[in-house]
Amino acid sequence: MIKYDLILTVVNRGYADEVMKAAKKAGAFGGTVLNARGTGTNELQEFFGALIQPEKDLIMILTEREKRNDIMTAISIDAGLAQKGKGISFSLPVDAVTGISALAEKESEEKITEKNA
């Protein structure tokens, strides 16, 4: 049985392509990019007397658990998350997945292989 993880990466706006390029190179099928904004006290900037909250990109990547570490390592190294203030990446376990044919097909193939072994 395949287990899944959701990798969430938050970077400054404009760096999502770097994150996705690194993730795909490490085995991710794809991801979803959402626009977000930071709310930390260090994030606030003043522009002509108005407080501005920098815009962020939130990248969500659903992947098989066995690929998680490779993908997160690639994101950290290739997209520069090891640099202070560049972004953050973390993962959450996913109990069930539906509606993604590529992942579902792989799970079916592995079940057949397990039965035949």
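**A cation over a ring, and the sheet behind it**

In this predicted model, the charged end of Lys67 is placed over the ring of Phe29, at 4.8 Å from the ring centre. Pairs between aromatic rings are a separate matter, and the count of these in the structure is 0.

The strands come next. Strands of a sheet pair through backbone hydrogen bonds, in either a parallel or an antiparallel sense. Here an open sheet is formed by 4 strands, with antiparallel pairing and the order E2-E5-E1-E6. Strand E2 (32-37) and E6 each have a single partner strand and stand at the edges, so one side of each lacks a neighbour in the sheet. On average, neighbouring strands are turned by 25° against each other, with direction ignored.

Following the sheet from one edge, E2 is joined to E5 by 6 bridges in an antiparallel run, and Val33 is found opposite Ile59 in E5. Strand E5 (residues 55-64) pairs in turn with strand E1 (residues 4-12), antiparallel and over 9 bridges; in this part of the sheet, Leu6 faces Leu62 of E5. On to the other edge, 8 bridges link E1 with strand E6 (residues 87-94), again in the antiparallel sense. Tyr4 has Val94 of E6 as its bridge partner.

Two helices complete the picture. Helix H1 (residues 16-25) lies across E1, E2 and E5, and runs at about 15° to E5. Helix H2 (residues 65-78) packs on the sheet with contacts to E1, E5 and E6, its direction making about 150° with that of E5.

Notes:
Residues are numbered from 1 along each chain as its sequence is written. This is a predicted model: local features need pLDDT of at least 70, side-chain atom pairs count only at pLDDT 80 or more; totals for chains, interfaces and linings use all residues. Side-chain values use heavy atoms; hydrogens and water are left out. Two strands pair if DSSP finds at least two bridges between them. Rings of Phe, Tyr and Trp (its six-membered ring) pair if their centres lie within 6.5 Å; planes under 30 degrees apart count as stacked, over 60 as edge-to-face and the rest as tilted. A charge sits over a ring if NZ of Lys or CZ of Arg is within 6 Å of the ring centre and within 35 degrees of the ring normal. Axes are lines fitted to C-alpha atoms, for helices over the stretch in contact, and angles run from 0 to 180 degrees between N-to-C directions. Contact means heavy atoms within 4.5 Å.
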